[in-house]
Amino acid sequence: MSSPAGIVDRRPPAGPSRRRRCGPIAAWVLVVAVVGCTSTKYVRLREVPKNPLTQQLNLTGRSGPKPSERTMQMLRRYDAVELLQGDPQQLVTRFQDLVTEEPSIELVHTVAELAYVSGKRVEKENEKAALDFFETSVAYAYIYLFDERFGPVRNTYDPQFRGACDLYNSSLESALRIVKRRGQLIPGATHTIESAERRCDVTIVLRSNHWHPDDFANFEFVSDYEVAGLTNQYQTYGLGVPLIAVRKSHEAADPAEKYYPPGLSFPVTAFLRVVPRNPATATDDDVDCTPQQVFLEIYDPLQSTDIHVAGRQVPLESDASTALAYYLNNPELKLEQLATLGLLHPEKNEQQAGLYMLQPYEKGKIPVVMIHGLWSSPLTWMEMFNDLQGDPRLRSRYQFWFFLYPTGQPFWI
């Protein structure tokens, strides 16, 4: 029906044009729904744990683990190549005897590598034998790196030196996986390693001023995970096994611990230290065991980046970003939904409002409080937090806190 001449029809047009006026509202509702339903995958589980020795020792090859060419050269020198097809313990023992007869840093490295390869070959069929091989490997790698007898000939520019570091880290990690499966990877616990030649007690000691044994619910291995949801990954390189510690709530907690979010995970590094016993205190029971005390030390790499071993300063291997990503990936926390829930249903978000810390309170460090904006949550700060805690200079002076509030509340509240 047309309008009379001279009269303008101001009614909104019919049909599709009217529906377009609702477009922005519909789009906004759609975005809210999408944001509330999607989630970021911060870590992915690897099919095979990351291992620096994978290619060098053919760990995933069809023919199975085998020694490096440099170790094969030692086998040829000592006419022991045929022993590779026989009993692995006989092969390792043969070279252990050679180290006793004619100590050399090359022979020590050979024992460490042969023991690790042997452990990898048998770990699926014989866990006890594998643990003994891994313990032998880490012990001889430790000798290679720290025994004062080899100080004059130890060459840190030799690729074999980094190889010894990788053997130390990888054999220790393999041993810790077995210990964890047995339920013995607990700070404060002591477990015994026995073999035909020796019996040693290993005590797990926590080396941290902020965390304590009751804080640890579980350990995960950093090498099992690949970071996907953080742009940058901050690692340090040295000795030790980077772990993800999952915190548990407990009684008699420090008052500051009420600011930890549930399910918090944080980085730690495990280092196996061998300490010579005092001969004056040795007993008859020590005759069949190397006169040593063995400690599995758990460090907070955000607090201790270097440790002293045998009179030398040694950097710790660590990975803070993977521990952070593992925490953010916890589906039970529903972190991705906090922003939308706080905007559309603030009453459901009030109990979660407040101050949060992802690391222990440290007296003397300057607090930096990160406060999000509308339709947001502390999750928006995680990229920046990862970068800030990855800088050791900033980390040494500042501590980072986060404030969460339901953004749908009226302004005056």
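Which residues make a nonpolar surface patch of about 240 Å²? They are V369, I371 and F403. Let me hold that thought and walk you in from the whole protein, and please keep in mind that this is a predicted model.

So, the overview. We have 413 residues here, and buried ones make up 47% of them. The secondary structure comes to 11 helices and 15 strands. If you take the contacts between residues at least 6 apart in sequence, 72% of them join residues at least 24 apart. The accessible surface is about 22,600 Å², and carbon and sulfur atoms account for 53% of that.

Okay, inside. As a general point, nonpolar side chains in soluble globular proteins tend to be buried together. In this model the largest nonpolar core has 103 residues. If you want names to click on, F95, L145, Y168, L296 and L328 have the most contacts inside that core. Helix α6, residues 127-146, gives the core its largest share, with 11 residues.

Let me pick on L328 for a second. Skipping its neighbours within four places in sequence, L328 is in contact with Y42, L230, L335, L379 and M382. L328 is also where helix α8 stops, since that helix covers 320-328.

Back to α6, because there's a serine in there I'd like you to look at. S137 lies in that helix. Is S137 buried or exposed? With a relative accessibility of 0%, S137 is buried, because anything under 20% counts that way. As for what S137 touches, leaving out residues up to four places away in sequence, the list is A112, A115, Y116, L167 and S171.

Now for a strand: β7, residues 241-247. All seven of its seven residues are buried. In a regular strand, side chains alternate between the two faces of the sheet. You can follow that along β7: V241, L243, A245 and R247 point one way, while P242, I244 and V246 point the other way. And yes, that puts an arginine, R247, among the buried residues.

Who are the partners of β7? On one hand there's β4, residues 216-221, running antiparallel to β7 and joined to it by five bridges. That same arginine, R247, is the bridge partner of F216. Then there's β8, residues 265-276, which also pairs with β7 in the antiparallel sense, over six bridges. In that pairing, P242 has T269 as its bridge partner.

A couple of backbone oddities next. Most residues other than glycine have a negative phi. A310 isn't a glycine, yet it has a positive phi of about 50°. You'll find A310 in the loop between β10 (306-309) and β11 (312-315). A310 has a relative accessible area of 55%, so it counts as exposed. The other one to look at is K334, with a positive phi near 55°. K334 is in a loop as well, between α8 (320-328) and α9 (338-344).

And that takes us back to the patch of V369, I371 and F403. V369 sits in strand β14, residues 366-371. Why is V369 called partly exposed? Its relative accessibility is 42%, so it falls between the 20% and 50% cut-offs.

That's my tour. Happy to pull any of these up on the screen.

Methods. Residues numbered from 1 in each chain as written. Predicted model: local features only at pLDDT ≥ 70, side-chain atom pairs only at ≥ 80, totals over all residues. Heavy atoms only, no water. Buried < 20%, exposed > 50% of the residue type's maximum accessible area, 1.4 Å probe, protein only. Helix = DSSP H or I, 4+ residues; strand = E, 2+ residues; numbered from the N terminus. Pairing = 2+ DSSP bridges. Core = buried A, V, L, I, M, F, W, Y, C linked by side-chain atoms within 4.5 Å. Contact = heavy atoms within 4.5 Å. Patch = residues over 30% accessible without salt bridge, like charges linked within 9 Å, V, L, I, M, F, W, Y side chains within 5 Å. Areas by Shrake-Rupley, 256 points an atom, 1.4 Å probe, with all protein chains shown as cover. Salt bridge = Lys/Arg side-chain N within 4 Å of Asp/Glu carboxyl O.
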